[in-house]
Amino acid sequence: MKSFRLATMFAAGLLLAPGHPFAQELSGPQVVRTLGRLQGGAPGIDIALLMEEAAASAGKGVAALPDWQKLSKLSQLIVEIDFENDSIAIEPKSYRTVGMIADALHHPNLRRYKFLVVGHTSSTGDAKHNLDLSQKRANAITEALSTTFAIAPDRLFAIGVGEEWLVDPSNPQAADNRRVQLVNLGLVK
């Protein structure tokens, strides 16, 4: 199976730690293993509360908020998905990556879990615009996964955080900061 450029985060706290280069080549089975790592039960995550906090904190950061810190304890994967500039249109070359994610989510080891799709942007544009754009991009990924790749919509939750968690804070406008993150939220109830 062809590998795709993905970035992973394994240890607690790395979600919130700025400036870590995580790029590496992963295969589909590695994606399944990465997203399937749960350390104990997943903490209760209130998606609506996370969305409210992201909207209220646009331009101020959310990483230090307790509800957002809970995400650092969960299995997660950062995925490089390219969008057209200032758009929610997924670049055709990125559909292969979205397809690999879908294959992983259909895998028997992950079929029982629900996932948070977190959209990120660079700091190009103002904070409110970036927050809205990142939400729309996260929605575009969940829609592609549920419609094109038949992932049950009740397993997917989308949220945008704009420019609040930069992978490369020394270069806030860098393309590396525009990404999608998948977080395993635990078992579907």
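Is Asp 132 buried, partly exposed or exposed? At 31% relative accessibility, Asp 132 counts as partly exposed, because the partly exposed class lies between the 20% limit for buried and the 50% limit for exposed. This is a predicted model.

**Helix α5 and its salt bridge**

Asp 132 has a charged partner. Lys 128 forms a salt bridge with Asp 132. Their closest N and O atoms are 3.0 Å apart. Both residues lie in helix α5. They are 4 residues apart, about one turn of the helix. Lys 128 has a relative accessibility of 47%, so Lys 128 counts as partly exposed.

Helix α5 covers residues 127–148. It has 22 residues, and at 1.5 Å a residue these should span 32 Å. The end C-alpha atoms are 31 Å apart, which agrees. Just after α5 comes Ala 150, with a positive phi of about 60°.

**A second salt bridge**

The structure holds 2 salt bridges. Besides the pair in α5, the side chains of Asp 82 and Lys 93 meet, at 3.4 Å from N to O. Asp 82 and Lys 93 are 11 residues apart, and each sits in the loop between β3 and α4. Asp 82 counts as partly exposed because its relative accessibility is 26%. Lys 93 reaches 58%, so Lys 93 counts as exposed.

The table sets out the accessibility of the four salt-bridge residues.

| Residue | Relative accessibility | Class |
|---|---|---|
| Asp 82 | 26% | partly exposed |
| Lys 93 | 58% | exposed |
| Lys 128 | 47% | partly exposed |
| Asp 132 | 31% | partly exposed |

**Strand β6 and its partners**

How many of the 8 residues of strand β6 are buried? The count is 7, so the strand, residues 180–187, is largely enclosed by the rest of the structure. Strand β6 pairs with β3 and with β4.

Strand β3 spans residues 76–79. It pairs with β6 in the antiparallel sense, over 4 bridges. Ile 78 stands opposite Gln 181 of β6.

Strand β4 spans residues 113–119. It also runs antiparallel to β6, and 7 bridges join the two. Here Gly 119 has Val 180 of β6 as its bridge partner.

**Helix α4 and the loop after it**

Helix α4 has 12 residues. At 1.5 Å a residue they should span 16 Å, and the end C-alpha atoms are 16 Å apart, which agrees. Among the buried residues of α4 are Val 98, Met 100, Ile 101 and Leu 105. Thr 97 and Gly 99 are buried too, as are Ala 102 and Ala 104.

The chain then leads to the loop between α4 and β4, where Pro 108 lies. Pro 108 has a relative accessible area of 51%, so it is exposed. Its C-alpha atom is separated from that of Val 32 by 9.4 Å. Along the chain, Pro 108 and Val 32 are 76 residues apart.

**The largest pocket**

Which residues lie nearest the centre of the largest pocket? They are Asn 85, Asp 86, Ser 122, Arg 137 and Arg 178. The full lining has 17 residues. Of these, 7 are charged, 6 polar and 4 nonpolar. The pocket has a volume of about 300 Å³.

Conventions. Residues numbered from 1 in each chain as written. Predicted model: local features only at pLDDT ≥ 70, side-chain atom pairs only at ≥ 80, totals over all residues. Heavy atoms only, no water. Buried < 20%, exposed > 50% of the residue type's maximum accessible area, 1.4 Å probe, protein only. Pairing = 2+ DSSP bridges. Expected span 1.5 Å × (residues − 1). 1 Å grid on protein atoms, 1.4 Å probe; cavity = no way out; pocket = protein on both sides within 12 Å on 5 of 7 lines; lining within 4 Å. Points joined across faces, edges and corners; volume = space filled by probe spheres on them. Nonpolar A, V, L, I, M, F, W, Y, C, P; charged D, E, K, R; others polar. Salt bridge = Lys/Arg side-chain N within 4 Å of Asp/Glu carboxyl O.
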